[in-house]
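I pulled this one up to check a few loops and one strand with its partners. My notes are below.

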Amino acid sequence: TGITTPDITSAAGLDAADLTGTVASARLPAGSVIQVVQAYRTSFISTTSSSLVDVLTTTITPQSSSSRFLIMCTGIEATYNGDGNSYSIHQIERNGSNVYIGDDAGTSRGSSGRYGRQASNLADTVAFNYVDSPNTASAITYKWRFASTRGPSWTVSLGGTPTTNFSGHVRSPTSMIIMEIA
C-alpha cells in the first residue's frame, strides 16, 4: 500500500552533498532570474511641473556584470476634470541618465507618455518595459520620473483618479519591478 523510495546518494555522477543547498548564480543558465526588487507606492501623486518629478526609485546590486535587467513599470494615470487636454511624459533613468527614450522629432522624449482628454477624471493604464544591459557589478539606482509636458496649467497624476467622490473612482498602487536576468 505504501511506496518506498530509495535514498538518493548520487545523480549523474554527483554526490548527495552536491544535490542540496543553493545554486550559485554563476552556475545558472542564461535567462534565469537571479533576483527581483520592487518599488511601489500606494499614495496618489500629481504634478503640474514640466520638469521631471520622481515617481519611484530603487537600487539593485548586480550579481554579475554580464546580467541584464528587465524593468517593468505600471500605474494608472488620470486627468483632472476641467484642466483641459493634458499631456504627460514618463522616463526611466539609470544612475541619473536616460536609458530608454524615443528619438527626438520635435517632441518631448520619453519612455512612455499619455494624452489626457478634457473630461471628468479620465484614467488610463500607463505601462512600459525595458531590458537594460548596464555592464557593471556596482549598485545601480533606477528611477521612474514623470512630468506634465504642457506645464503649470495642466495636472497629471498617478495612482488612480484625482477625486474619490463616487464608487466609480479608484485609487491604485504604482509599481516598478526589476528582475536581474543571468
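Is N135 buried or exposed? I looked up its relative accessibility, got 60%, and put N135 down as exposed. My cut-offs: buried is under 20% relative accessible area, exposed is over 50%, and partly exposed is in between, with a 1.4 Å probe and protein chains only.

Housekeeping before I go on. This is a predicted model, where local features need pLDDT of at least 70, side-chain atom pairs count only at pLDDT 80 or more, and totals for chains, interfaces and linings use all residues. Residues are numbered from 1 along each chain as its sequence is written, and side-chain values use heavy atoms, with hydrogens and water left out.

**Loops with positive phi**

I placed N135 in the loop that links strand 10 (123–132) to strand 11 (140–148). Strands here are DSSP runs of E, at least two residues, numbered from the N terminus. The phi of N135 caught my eye: it is near 55°, which is positive although the residue is not glycine.

N95 gave me another positive phi in a non-glycine residue, near 50°. I found N95 in the loop between strand 7 (86–94) and strand 8 (97–98). With a relative accessible area of 47%, N95 goes down as partly exposed.

**The loop with G160**

Next I went to the loop between strand 12 (156–158) and strand 13 (174–181), where G160 sits. Its relative accessibility came out at 0%, so I noted G160 as buried. What does G160 touch, leaving out residues up to four places away in sequence? I listed F44, I76, A78, V170, R171 and S172, taking contact as heavy atoms within 4.5 Å. I also checked G160 against P173: they are 13 residues apart along the chain, and their C-alpha atoms are separated by 8.1 Å.

**Strand 6 and its partners**

I then turned to strand 6, residues 68–79, which runs antiparallel to strand 13 and is joined to it by 7 bridges. I count two strands as paired if DSSP finds at least two bridges between them. Strand 6 also pairs with strand 10, again antiparallel, over 10 bridges. A third entry: strand 6 and strand 12 are antiparallel, with 3 bridges.

Which residues stand opposite F69? On strand 13 I found E180, and on strand 10 the bridge partner is D132. For A78, I noted S157 opposite in strand 12. A78 had already turned up in my list of contacts for G160.

Terms used:
Helix = DSSP H or I, 4+ residues; strand = E, 2+ residues; numbered from the N terminus.
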